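Got a model on screen and wondering where the labels come from? Let's go through some of them.

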Amino acid sequence: MHRTKVTNVFLRLKKFFPNSRIELKFKSNFELFIAVLLSSRTKDAQVNFVTKNLFSKANNPYNMIKLGEKIKYYIKSIGFFNRKTDFILKSCNILLKKFNGKIPSKRKHLESLPGIGRKSANVILNVAFGFETIAVDTHVLRVSNRIGLSNSNNLRNVENTLDNIVPKEFKISCHSLLVLQGRYICKSKRPNCKICKINDLCKFYKNNL
Ligand code: SF4
């Protein structure tokens, strides 16, 4: 896609979602870290539902370890809660031992923590530390391919493509803009192309007129 067209896509998305940000709720980098870890294969709304109570009991690695297996009681309504409890406890131990209880700001350190892969690390680097990383989840993948920004089902390929073509001024909000577009307009089963602000720029729309 031509650079001017890419810029137009993001200008319009930014206008439509002026205060774009991720929808996970958190008050600190630690809470963001836990929310991102829990959001794997789970909707943000479900994560926010469980973290409200969880964070009132434990909002730092030390208290989370103290809570121990009782974490399961708070997160049992979300998928893979046994596995996620294990990841939380192991990660909190590492945070205390290696990082002074703080969330590290380097990719290699984040990805060394159980339950944190590249996509999660990208979200944390972007949201907590302001890096221009672009996390590619199912929404970002689908929307990018439909618009014609990318053409691949490989998450890493799409991340690299977006990294190359998205203008610098939109990189920091790229993830949240594409997620919001995917969640509210360009839905998986029934994209709402009629009201979509970028339909004249979209490859999918053009091919399905
Ligand atoms: S025109 Fe349709 S397919 Fe294209 S981005 Fe908008 S909602 Fe998605």
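What follows is a short Q and A on this predicted model.

Q: What makes Cys186, Cys193, Cys196 and Cys202 a "binding site"?
A: That label comes from UniProt, where an unreviewed entry puts the feature at these four positions. They're spread over 17 residues of sequence, yet they cluster in space, with a largest C-alpha distance of 10.9 Å. Cys186, Cys193, Cys196 and Cys202 also belong to the lining of the largest cavity.

Q: Why is Cys193 called buried?
A: Its relative accessibility is 19%, and buried means under 20%, so Cys193 makes the cut. You'll find Cys193 in the loop between helix H11 (168-184) and helix H12 (203-207). Leaving aside neighbours within four places in sequence, Cys193 touches Asn199, Phe204 and Tyr205.

Q: And why does Cys196 count as buried?
A: Cys196 comes in at 14% relative accessibility, which is under the 20% limit, so Cys196 counts as buried. Cys196 sits in the loop between H11 and H12. Its contacts beyond four places in sequence are Gln181 and Ile185.

Q: What makes the pairing of Glu159 and Arg118 a salt bridge?
A: The side chains come to 2.7 Å, N to O. The cut-off is 4 Å between an Arg or Lys nitrogen and a carboxyl oxygen, so this pair qualifies.

Q: How do you know that domain 1 and domain 2 touch?
A: Contact means heavy atoms within 4.5 Å, and 9 residues of domain 1 are in contact with 6 residues of domain 2. About 640 Å² is buried between the two domains, and the count between them is 2 salt bridges.

Note on methods
Residues numbered from 1 in each chain as written. Predicted model: local features only at pLDDT ≥ 70, side-chain atom pairs only at ≥ 80, totals over all residues. Heavy atoms only, no water. UniProt positions renumbered as here; feature names shortened; annotations may be inferred. 1 Å grid on protein atoms, 1.4 Å probe; cavity = no way out; pocket = protein on both sides within 12 Å on 5 of 7 lines; lining within 4 Å. Helix = DSSP H or I, 4+ residues; strand = E, 2+ residues; numbered from the N terminus. Buried < 20%, exposed > 50% of the residue type's maximum accessible area, 1.4 Å probe, protein only. Buried area = accessible area lost by both parts, 1.4 Å probe.
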